[in-house]
Amino acid sequence: MIESDRELSSIMQELWDSDVNRLQPGKDYMISLQGKAAHSMPLEDLNDGAGSPLFTFVDENIFKKETFLAFISLLDNYVSDTGEPEIVTPEEVAENHKFLDCIIQSPTMKIAHKYLVEKNLSPENETKFKEQLYRIWFELYARKGASKPDSSGFEHVFVGETRGGRTVIGFHNWIQLYLQEKMGHVDYKGYSVDAHSPQPDENKHILALQFSWKDGIKPKGSIFIGVSPEFEIALYTVCFLSSPNERVKVQFSFYDVEIVCHHYNEKHIGTTYPVLLKYRKPAQ
């Protein structure tokens, strides 16, 4: 196991501590883990380890906060099927910029920006930094097998995509999961756990799970739960720019986490998500 990156762990802790918009489990939201997901093949035969939704309650007043509002406005801007070219309207471009304008002002993103400037990885000028974020997250590129630009880091990680209509790829965001589940498009099929991973519970902010979306299945996904959009963009951007490794091990709060971050052409994020390695119980 790679030793956790001390310097990155330190900045992740700062990002975590500064995330004033993070929801509190049991107070701002509640989830119901239910059963363990099956991992047999073929995918059509997977048994449902959960008869009820994952989310039993979310205080939607949180979604009125500026960064959440700007984030949610982006979720309906994409065609989920890979291979289908994305048409970006001027309104959607404006929404992308509004979202970046919102998060750049957040304490979490300011910490990330300061760190990246100190490491000579990002421009100090805020406008130029925003341009860099736009390129990493919103610039379109052609995913495997596509002839025209059909994907972006943001779409893949936060919205989700389908491949061949049957497989869900990306989709590592709890807000999108909650909203799609509420609309009846997502069917939660249970939590994922293997011999080495810690047992999940309702109060942890990281969860591995299985679900179906539209007509496709996500056999195993991993997400942060309850964190703000600015926290995820800050954390993943720092990992993308500062680590050449596609997997980096960090420690923050009570979590030992591996952040998986695949680069696409060194310019864009291909995918990125957290994997919980260990949970250190809080002192009583």
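Ala, Val, Leu, Ile, Met, Phe, Trp, Tyr, Cys and Pro count here as nonpolar, while Asp, Glu, Lys and Arg count as charged. The others, Gly among them, count as polar. Keep these classes in mind for the pocket described below.

The structure above is a predicted model. Start with the whole chain. Its secondary structure comes to 8 helices and 10 strands. The chain has 284 residues, and 54% of them count as buried. Now take the contacts in the chain with a separation of 6 or more. Residues 24 or more positions apart account for 65% of these.

Next, look for the open space. Rolling a probe the size of a water molecule over the atoms shows where empty space is left. The largest pocket holds about 660 Å³ of space. It is lined by 32 residues, and the closest to its centre are Lys220, Gly221, Ser222, Tyr273 and Val275. Which elements give two or more residues to this lining? They are β6 (206-213), β7 (216-224), β9 (255-264) and β10. Strand β10 gives the largest share, with 6 residues. Now use the classes from the start. The lining has 13 nonpolar, 12 polar and 7 charged residues.

Two of the strands just named, β6 and β7, have a loop between them, and Lys214 is found in that loop. Lys214 is not a glycine, yet its phi is positive, at about 55 degrees. Is Lys214 buried, exposed or partly exposed? Its relative accessibility is 46%, so Lys214 counts as partly exposed.

Turn now to helix α5. It covers residues 126-137, which makes 12 residues. How far apart are its end C-alpha atoms? At 1.5 Å a residue, the helix should span 16 Å. The end C-alpha atoms are 16 Å apart, so the model agrees with the expected span.

Several residues of α5 are buried. They are Phe129, Lys130, Gln132, Leu133, Tyr134, Ile136 and Trp137. What covers them? The cover includes the helices α3 (90-104), α4 (107-118), α6 (153-159) and α8 (229-242). It also includes the strand β10 (268-279). You met β10 before, in the lining of the largest pocket.

Which residue caps the N-terminal end of α5? It is Asn125. A side-chain oxygen of Asn125 lies 2.9 Å from the backbone nitrogen of Thr127. The side chain of Asn125 also reaches the backbone nitrogen of Lys128, at 2.9 Å. Asn125 itself sits in the loop between α4 and α5. Its relative accessible area is 41%, so Asn125 is partly exposed. Look back along the chain to His113, 12 residues away. The C-alpha atoms of Asn125 and His113 are separated by 9.9 Å.

Asn120 also has its place in the loop between α4 and α5. Its phi is near 60 degrees, a positive value in a residue other than glycine. The relative accessibility of Asn120 is 70%, and exposed means over 50%, so Asn120 counts as exposed.

Finish with a residue in a strand. Glu161 lies in β3, which runs over residues 161-163. Is Glu161 buried or exposed? The relative accessible area of Glu161 is 0%, and buried means under 20%, so Glu161 is buried. What joins the side chains of Glu161 and Ser151? A polar contact of 3.0 Å does.

Definitions and conventions: Residues are numbered from 1 along each chain as its sequence is written. This is a predicted model: local features need pLDDT of at least 70, side-chain atom pairs count only at pLDDT 80 or more; totals for chains, interfaces and linings use all residues. Side-chain values use heavy atoms; hydrogens and water are left out. Helices (H or I, at least four residues) and strands (E, at least two) are DSSP runs, numbered from the N terminus. The expected span of a helix is 1.5 Å times one less than its number of residues. Buried means under 20% relative accessible area, exposed over 50%, partly exposed in between (1.4 Å probe, protein chains only). Contact means heavy atoms within 4.5 Å. A polar contact is a pair of N or O atoms within 3.5 Å; within protein, one must be able to donate a hydrogen and the other to accept it, and residues adjacent in sequence count only if both atoms are side-chain atoms. On a 1 Å grid over the protein atoms alone, a cavity is a set of points where a 1.4 Å probe fits but cannot get out, and a pocket is an open set with protein on both sides within 12 Å along at least five of seven lines; lining residues have an atom within 4 Å of a point. Grid points are joined across faces, edges and corners, and a volume is the space filled by probe spheres set on the points.
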